[in-house]
Amino acid sequence: MVYRNGKLVVEDRRQYEHYTEGSYRVLLSRGRSGLVVKCQDEETFEYLKLCGLQIME
């Protein structure tokens with residue numbers, strides 16, 4: 001899932017796209033205490049920082 005043109009979109013197109021998108025949403029919303037997100041896409045990274053993602057260094 002990446003952030004493009006003001007919205008989150010599923011980059012990996014699978015047969016059941018809505019299941020993939022739902023899985024990402026569940027993982028990102030349920031794991032707030034103790035979840036590590038590795039993000040290599042700069043635009044998505046900036047969006048996640050705006051949402052309050054804490055940066056590990």
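Helices, runs of at least four residues, and strands, runs of at least two, are DSSP runs numbered from the N terminus. The exercises below use these element names for a predicted model.

**Exercise 1. Determine the order of the elements in the protein and the confidence of the prediction.**

Step 1. The protein has 2 helices and 2 strands.

Step 2. Read from the N terminus on, these elements follow the order β-β-α-α.

Step 3. The mean pLDDT of the protein is 76, and 75% of the residues reach 70 or more.

Step 4. Among the elements, the lowest mean pLDDT, 68, belongs to H1, and the highest, 90, belongs to H2.

Step 5. Of the 57 residues in the protein, 14% are buried.

**Exercise 2. Locate the salt bridge within helix H2 and describe its partners.**

Step 1. The salt bridge is formed by the side chains of glutamate 46 and lysine 49, at 3.5 Å from N to O. The cut-off for a salt bridge is 4 Å between a side-chain nitrogen of Lys or Arg and a carboxyl oxygen of Asp or Glu.

Step 2. Both glutamate 46 and lysine 49 belong to helix H2, where they are 3 residues apart, about one turn of the helix.

Step 3. Residues between 20% and 50% relative accessible area are classed as partly exposed. Glutamate 46 has 33% and is therefore partly exposed. Lysine 49 has 35% relative accessibility, so it is also partly exposed.

**Exercise 3. Identify the salt bridges of arginine 4 and state which parts of the chain they link.**

Step 1. In general, side chains of opposite charge can pair when their charged atoms come close.

Step 2. Arginine 4 forms a salt bridge with aspartate 41, and their closest N and O atoms are 2.8 Å apart. This pair links distant parts of the chain, since arginine 4 is in strand S1 (residues 2–4) and aspartate 41 is in the loop between H1 and H2, 37 residues apart.

Step 3. Arginine 4 also forms a salt bridge with glutamate 43, with the closest N and O atoms 3.2 Å apart. Because arginine 4 lies in strand S1 and glutamate 43 in helix H2, this pair ties together parts that are 39 residues apart in sequence.

Step 4. The relative accessible area is 27% for arginine 4, which is partly exposed. Aspartate 41, at 22%, is partly exposed, and glutamate 43, at 36%, is partly exposed.

Step 5. The count for the protein comes to 3 salt bridges.

**Exercise 4. Describe the aromatic pair formed by tyrosine 3 and tyrosine 47.**

Step 1. A pair of aromatic rings is described by the distance of the centres and the angle of the planes.

Step 2. The protein has 1 aromatic pair. In this pair, tyrosine 3 and tyrosine 47 are 4.0 Å apart from centre to centre, with 10° between the planes.

Step 3. Planes under 30 degrees apart count as stacked. The pair of tyrosine 3 and tyrosine 47 is accordingly stacked.

Step 4. Tyrosine 3 lies in strand S1 and tyrosine 47 in helix H2, so the pair ties together parts 44 residues apart in sequence.

Step 5. Tyrosine 47 is partly exposed, at 23% relative accessibility.

**Exercise 5. Characterise the largest pocket and its lining.**

Step 1. The largest pocket holds about 1,000 Å³ of space.

Step 2. Its lining comprises 27 residues, and those closest to the centre of the pocket are Leu28, Leu35, Val37, Leu48 and Leu53.

Step 3. Helix H1 (17–30) and helix H2 (42–50) are the elements that give two or more residues to this lining.

Step 4. By class, the lining has 17 nonpolar, 6 polar and 4 charged residues.

**Exercise 6. Describe the settings of asparagine 5 and methionine 56.**

Step 1. Most residues other than glycine have a negative phi. Asparagine 5, however, has a positive phi, near 50°.

Step 2. Asparagine 5 is found in the loop between S1 and strand S2 (7–9). Its relative accessible area is 77%, so asparagine 5 is exposed.

Step 3. Methionine 56 lies in the segment after H2 and counts as exposed, at 69% relative accessibility.

Step 4. Methionine 56 is 19 residues from valine 37 in sequence, and the distance between them in space is 9.9 Å, C-alpha to C-alpha.

Methods: Residues are numbered from 1 along each chain as its sequence is written. This is a predicted model: local features need pLDDT of at least 70, side-chain atom pairs count only at pLDDT 80 or more; totals for chains, interfaces and linings use all residues. Side-chain values use heavy atoms; hydrogens and water are left out. On a 1 Å grid over the protein atoms alone, a cavity is a set of points where a 1.4 Å probe fits but cannot get out, and a pocket is an open set with protein on both sides within 12 Å along at least five of seven lines; lining residues have an atom within 4 Å of a point. Grid points are joined across faces, edges and corners, and a volume is the space filled by probe spheres set on the points. Ala, Val, Leu, Ile, Met, Phe, Trp, Tyr, Cys and Pro count as nonpolar, Asp, Glu, Lys and Arg as charged, and the others, Gly among them, as polar. pLDDT is the predictor's confidence in each residue, from 0 to 100. Buried means under 20% relative accessible area, exposed over 50%, partly exposed in between (1.4 Å probe, protein chains only). Rings of Phe, Tyr and Trp (its six-membered ring) pair if their centres lie within 6.5 Å; planes under 30 degrees apart count as stacked, over 60 as edge-to-face and the rest as tilted.
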